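Visitor: I am new to reading protein structures, and I would like to learn how to look at one feature after another. Could we go through this one together?

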Amino acid sequence: MNSEKPADTFADVLHIEFTHEDPTRVEAIMPILPQFHQPFGYVHGGVTLALLETVASRGAHLHCDMTKERPFGVEIDVRHRKSAQSGHIRGVAELDREEPSKVSGMKQFWNARAYDDAGDVMSEGVFVTKVVSLEHLASRNR
């Protein structure tokens, strides 16, 4: 039986460490571990996507009034440009803009980039969150 405390979140499982956090920009670093490789020995693109979604989601969380609303990821569009086999990936998300949602709430558009240790862009794209009021969530659960 394993006596170690299980990881609290997906970010913990991926060993993501936040290095800068504010409501319009979030940065984090993640090691490239062998278990994050695809079969050919390079970091799996899904791991990079998970880092980008994590930094953008954290930014959305910080940008919201959590006493009144919650952000939910609704879309991610990312292009992979290069990969890596070792080192670290640095994820950066910056708030681009907000727009009213067609149904309710607001949408936030986050530009997200992943960099390798040399500073080259590995992946880049846009992550969209929908910010929904707690009142709206409660009405949907009734």
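Visitor: How many aromatic pairs does the count come to here?

Guide: As a general idea, a pair of aromatic rings is described by the distance of the centres and the angle of the planes. Here we have a predicted model, and in this model the count comes to zero aromatic pairs.

Visitor: Which charged residue sits over the ring of Tyr-115, and which one lies over the face of Phe-109?

Guide: The charged end of Arg-90 is placed over the ring of Tyr-115, at 4.5 Å from the centre of that ring. Over the face of Phe-109 you will find Arg-97, at 3.9 Å from the ring centre.

Visitor: Which helices and strands does the chain have, and in what order do they run?

Guide: There are three helices and six strands in the chain, and, read from the N terminus on, the elements follow the pattern α-β-β-α-β-β-β-β-α. The C-alpha atoms fill a box of roughly 45 × 40 × 25 Å along the principal axes.

Visitor: How are the six strands ordered in the sheet?

Guide: In general, strands of a sheet pair through backbone hydrogen bonds, either parallel or antiparallel. In this case the six strands form an open sheet in the order E1-E2-E4-E5-E6-E3, and the pairing is antiparallel. Strand E1 (17–22) and strand E3 (69–80) stand at the edges with a single partner strand each, so one side of each has no neighbour in the sheet. Direction ignored, neighbouring strands of this sheet are turned against each other by 20° on average.

Visitor: How many bridges join the strands, and which residues stand opposite each other?

Guide: Let us begin at E3, which pairs with strand E6 (residues 121–133) in the antiparallel sense over 11 bridges. Within E6, Phe-127 is the bridge partner of Ile-76, and Val-132 is the bridge partner of Arg-70. E6 is also joined to E5, again antiparallel, by 10 bridges, and here Trp-110 stands opposite Phe-127 of E6, while Lys-107 has Lys-130 of E6 as its bridge partner. E4 and E5 run antiparallel as well and are joined by 10 bridges, with Glu-99 standing opposite Lys-107 in E5.

Visitor: Which residues take a positive phi in the hairpins?

Guide: In the hairpin of E4 and E5, which has five residues between the strands, Gly-105 takes a positive phi near 75°. The hairpin of E5 and E6 likewise has five residues between its strands, and in it Gly-119 takes a positive phi near 90°. Positive phi also occurs in a residue other than glycine, namely His-15, where the value is near 60°. His-15 lies in the loop between helix H1 (10–13) and E1, and its 43% relative accessibility places it among the partly exposed residues.

Visitor: Which strands does helix H2 touch as it packs on the sheet?

Guide: Helix H2 (residues 45–63) touches E1, strand E2 (25–31), E3, strand E4 (88–100), strand E5 (106–115) and E6, and its direction makes about 45° with that of E4. Helix H3 (residues 134–141) packs on the sheet too, touching E3 and E6, and its direction makes about 70° with that of E6.

Visitor: Which residues have the most contacts inside the largest nonpolar core?

Guide: The general idea is that, in soluble globular proteins, nonpolar side chains tend to be buried together. The largest nonpolar core here has 24 residues, and those with the most contacts inside it are Ile-16, Met-30, Val-43, Leu-51 and Ile-89. At least two residues of this core come from each of E2, H2, E4, E5 and E6, and H2 gives the most, with seven residues. If we set aside neighbours within four places in sequence, Ile-16 is in contact with Ala-11, Ala-28, Ile-29, Met-30, Leu-51 and Thr-54. Buried residues make up 32% of the 142 residues in the chain.

Visitor: Where is Gly-87 found, and which residues does it touch?

Guide: Gly-87 is in the loop between E3 and E4, and its 25% relative accessibility makes it partly exposed. Not counting residues up to four places away in sequence, Gly-87 touches Met-30, Pro-31, Ile-32 and Asp-117.

Methods:
Residues are numbered from 1 along each chain as its sequence is written. This is a predicted model: local features need pLDDT of at least 70, side-chain atom pairs count only at pLDDT 80 or more; totals for chains, interfaces and linings use all residues. Side-chain values use heavy atoms; hydrogens and water are left out. Two strands pair if DSSP finds at least two bridges between them. Helices (H or I, at least four residues) and strands (E, at least two) are DSSP runs, numbered from the N terminus. Axes are lines fitted to C-alpha atoms, for helices over the stretch in contact, and angles run from 0 to 180 degrees between N-to-C directions. Contact means heavy atoms within 4.5 Å. Rings of Phe, Tyr and Trp (its six-membered ring) pair if their centres lie within 6.5 Å; planes under 30 degrees apart count as stacked, over 60 as edge-to-face and the rest as tilted. A charge sits over a ring if NZ of Lys or CZ of Arg is within 6 Å of the ring centre and within 35 degrees of the ring normal. A nonpolar core is a set of buried Ala, Val, Leu, Ile, Met, Phe, Trp, Tyr and Cys residues joined through side-chain atoms within 4.5 Å. Buried means under 20% relative accessible area, exposed over 50%, partly exposed in between (1.4 Å probe, protein chains only).
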